[in-house]
Amino acid sequence: TSHFTSLFLQHTGHSPIDYLIRVRISRACSLLDMTSLSIQEIAARTGYGDPYYFSRIFKKVTGLSPKSYRSSSKG
């Protein structure tokens with residue numbers, strides 16, 4: 001696994017888990033932009049069972065809470 005992780009990092013610039021988080025958050029951004037789904041529903045659809053944890057990760061990656069992101073993308 002360390003060899004895989006090393007190769008993955010070389011090719012993507014991210015560890016496998018960081019890459020997965022970024023893919024999930026990217027999908028969440030699309031859902032926030034294009035749907036009226038609740039934050040809880042978006043969290044579930046992107047693989048997060050806990051919407052509070054989802055919100056913390058979302059803010060860590062994007063710099064905005066999901067609610068703020070949705071407001072800023074609509075305005």
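# Arg70, Thr46 and the core

Tutor: The side chain of Arg70 reaches the backbone oxygen of Leu37 at 2.9 Å. The model is predicted: local features need pLDDT of at least 70, side-chain atom pairs count only at pLDDT 80 or more, and totals for chains, interfaces and linings use all residues. Residues are numbered from 1 along each chain as its sequence is written, while side-chain values use heavy atoms and leave out hydrogens and water.

Student: What makes the pair of Arg70 and Leu37 a polar contact?

Tutor: A polar contact is a pair of N or O atoms within 3.5 Å; within protein, one must be able to donate a hydrogen and the other to accept it, and residues adjacent in sequence count only if both atoms are side-chain atoms. The distance for Arg70 and Leu37 is 2.9 Å, so the pair falls within the limit.

Student: Why is Arg70 said to have no salt bridge?

Tutor: A salt bridge is a side-chain nitrogen of Lys or Arg within 4 Å of a carboxyl oxygen of Asp or Glu. Lys and Arg count as positive and Asp and Glu as negative, with His and the chain ends not counted. The nearest side chain of opposite charge to Arg70, that of Asp33, is 7.2 Å away, so the limit of 4 Å is not met. Arg70 is nevertheless buried.

Student: Where does Arg70 lie, and which residues does Arg70 touch?

Tutor: Arg70 lies in helix H5, residues 66-74. Leaving out residues up to four places away in sequence, Arg70 is in contact (heavy atoms within 4.5 Å) with Leu31, Leu32, Thr35, Ser36, Leu37 and Ile42.

Student: How do you know that Thr46 is buried?

Tutor: Buried means under 20% relative accessible area, exposed over 50%, and partly exposed in between, with a 1.4 Å probe and protein chains only. Thr46 has 6% relative accessibility, so Thr46 is buried. Thr46 lies in the loop between H3 and H4. A polar atom of its side chain is 2.8 Å from the backbone oxygen of Ile42 and 3.2 Å from that of Ala43. Beyond four places in sequence, the contacts of Thr46 are Arg24, Arg27, Ala28, Leu31 and Phe54.

Student: Why is Asp18 called partly exposed?

Tutor: Asp18 stands at 37% relative accessibility, between the two cut-offs, so Asp18 counts as partly exposed. Asp18 belongs to helix H2.

Student: What makes a group of residues a nonpolar core?

Tutor: The members are buried Ala, Val, Leu, Ile, Met, Phe, Trp, Tyr and Cys residues joined through side-chain atoms within 4.5 Å. The largest such core here has 14 residues, of which Ile25, Ile42, Tyr48, Phe54 and Phe58 touch the most other members. Helices H2 (16-34), H3 (39-45) and H4 (51-62) each give two or more residues to this core, and H2 gives the largest share, six. In soluble globular proteins, nonpolar side chains tend to be buried together.

Student: How many helices and strands does the chain have?

Tutor: There are five helices and zero strands. Helices (H or I, at least four residues) and strands (E, at least two) are DSSP runs, numbered from the N terminus. Of the 75 residues in the chain, 25% are buried.
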